[in-house]
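These are my notes on a single chain, kept in the order in which I looked things up. I turned to burial, then to empty space, then to charged pairs.

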Amino acid sequence: MTTLSTLLQFKKSGTKFSCLTCYDAMFARMMAQAKIEVILIGDSLGMVVQGHNSTLPVTVADMAYHTANVARANSEALILADLPFMSYAVLNEAIANSRTLMQAGAHVIKVEGGFELCELISTLAHAGTPTCVHLGLTPQSVNVFGGYKVQGRGTDAAAKLLNDAKAVVEAGAAMLVLECVPSEVAKAVTKAVHVPVIGIGAGADTDGQVLVMHDMLGMTHGRTPRFVHDFLTDPKNEAHSIEGAFALFQSEVRAGNFPKAQHQFGNEA
Ligand code: KIV
């Protein structure tokens, strides 16, 4: 079974690990077969399962329901669950909502933001709840960013991202997710912190890689983001199966074959 200690060992030994989003029991079982090390019950379920155009409508009850469905079916992976939009803006609500997700089966709670989360991270850590902090393009802040745009470009933005990462780790964050940031910035963050860093659109140098399951099965609605690869139709998926796609993702990440240069972002727009 994958635990936070396993991921720390992976980081130390330079062993790359895989993470996929998952929202139900059938896919969670297939991910166990494929040896996906980390499963994220992402609030992306608001878009890929519920059909909304952002993650904002997702509730704690939605997250708890999907977390329980996944946790029941996969006892091998480390399970991360997102605290949804505005469910952690107030400390005592954040604590109660984290308890709901942990009791539904999560091992780690994921929150989006930076240094402003330090008090929450430290409170949860002292209460036995590890956190994963999502930095860079944080989809819950789409209205602040004015769209889904690459973050951390330019010296000031890169320095802020690095400082935020160091601050939340200092406060007790157990993991980081970096989304849509230049690969050089992701590399610097990964080197600067002792905790595992998972990237999506963040280049090849993070400790782990995550993709939204529907995207990596070629089921993207609208424009396919640059960092996505379709593992279902990849010729190396000789079984042409969903389970084969999950296994191929795991082995390509482990071997350092995914992501490639064409999946990364540079410092220029
Ligand atoms: O909700 C989600 O699926 C995520 C990933 C994109 C990292 O946060």
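Is Ser 183 buried or exposed? I note that the model is a predicted one. Ser 183 has a relative accessible area of 12%, and the cut-off for buried is under 20%, so I entered Ser 183 as buried. I located Ser 183 in helix H9, which covers residues 183–192. I also looked up its distance to Gln 264: the two are 81 residues apart in sequence, and their C-alpha atoms are 6.3 Å apart in space.

**Entry: pockets**

I began with the largest pocket, whose volume is about 960 Å³. Its lining comprises 36 residues, and Met 47, Tyr 148, Glu 179, Asp 215 and Pro 225 are the closest to the centre. I recorded H3, strand E4 (108–112), strand E6 (175–179) and helix H10 (213–216) as the elements that give two or more residues to this lining. Sorted by class, the lining of the largest pocket holds 16 nonpolar, 11 polar and nine charged residues.

For the second largest pocket I noted a volume of about 320 Å³. It has 18 lining residues, and those nearest its centre are Tyr 88, Ala 89, Glu 112, Glu 116 and Leu 117. Helix H6 (118–126) and helix H7 (142–145) each supply at least two residues of that lining; H7 gives the most, with three. I counted 11 nonpolar, four polar and three charged residues in the lining of the second largest pocket.

**Entry: surface patch**

Met 47 and Tyr 148, noted above at the largest pocket, also belong to a nonpolar surface patch together with Val 48 and Val 49. The accessible area of the four together is about 300 Å². I placed Val 48 in helix H3, residues 45–48. Its relative accessibility is 31%, so I entered Val 48 as partly exposed.

**Entry: cavity**

I searched the whole structure for cavities of 30 Å³ or more and found one. The largest cavity has a volume of about 40 Å³. Strand E7 (197–200) and strand E8 (208–211) are the elements that give two or more residues to its lining, and E8 has the largest share, three residues. Among the lining residues I noted Ile 200, Leu 211, Phe 227, Phe 258 and His 263. The lining of the largest cavity divides into seven nonpolar and five polar residues, with no charged ones.

**Entry: salt bridges**

How many salt bridges are there? The count comes to five, and I examined several in detail.

Lys 11 and Asp 207 pair through their side chains at 2.9 Å, N to O. Lys 11 is in helix H1 (residues 4–13) and Asp 207 in the loop between E7 and E8, so this pair ties together parts 196 residues apart in sequence. I found both Lys 11 and Asp 207 buried.

Glu 37 and Arg 254 form another salt bridge, with their closest N and O atoms 2.6 Å apart. Glu 37 lies in the loop between helix H2 (25–33) and strand E2 (38–41), and Arg 254 lies in helix H11 (residues 242–254), 217 residues away. Glu 37 is buried at 5% relative accessibility, whereas Arg 254 is partly exposed at 36%.

Lys 160 and Asp 164 meet at 2.7 Å, N to O. The two are four residues apart in helix H8 (residues 155–171), and therefore about one helical turn separates them. I entered Lys 160 as partly exposed at 45% relative accessibility and Asp 164 as buried at 8%.

Key
Residues are numbered from 1 along each chain as its sequence is written. This is a predicted model: local features need pLDDT of at least 70, side-chain atom pairs count only at pLDDT 80 or more; totals for chains, interfaces and linings use all residues. Side-chain values use heavy atoms; hydrogens and water are left out. Patches are made of residues with over 30% relative accessible area and no salt bridge: like charges are joined within 9 Å, nonpolar side chains (Val, Leu, Ile, Met, Phe, Trp, Tyr) within 5 Å. Accessible areas come from the Shrake-Rupley method with a 1.4 Å probe; for residues, only the protein chains shown count as cover. Buried means under 20% relative accessible area, exposed over 50%, partly exposed in between (1.4 Å probe, protein chains only). On a 1 Å grid over the protein atoms alone, a cavity is a set of points where a 1.4 Å probe fits but cannot get out, and a pocket is an open set with protein on both sides within 12 Å along at least five of seven lines; lining residues have an atom within 4 Å of a point. Grid points are joined across faces, edges and corners, and a volume is the space filled by probe spheres set on the points. Ala, Val, Leu, Ile, Met, Phe, Trp, Tyr, Cys and Pro count as nonpolar, Asp, Glu, Lys and Arg as charged, and the others, Gly among them, as polar.
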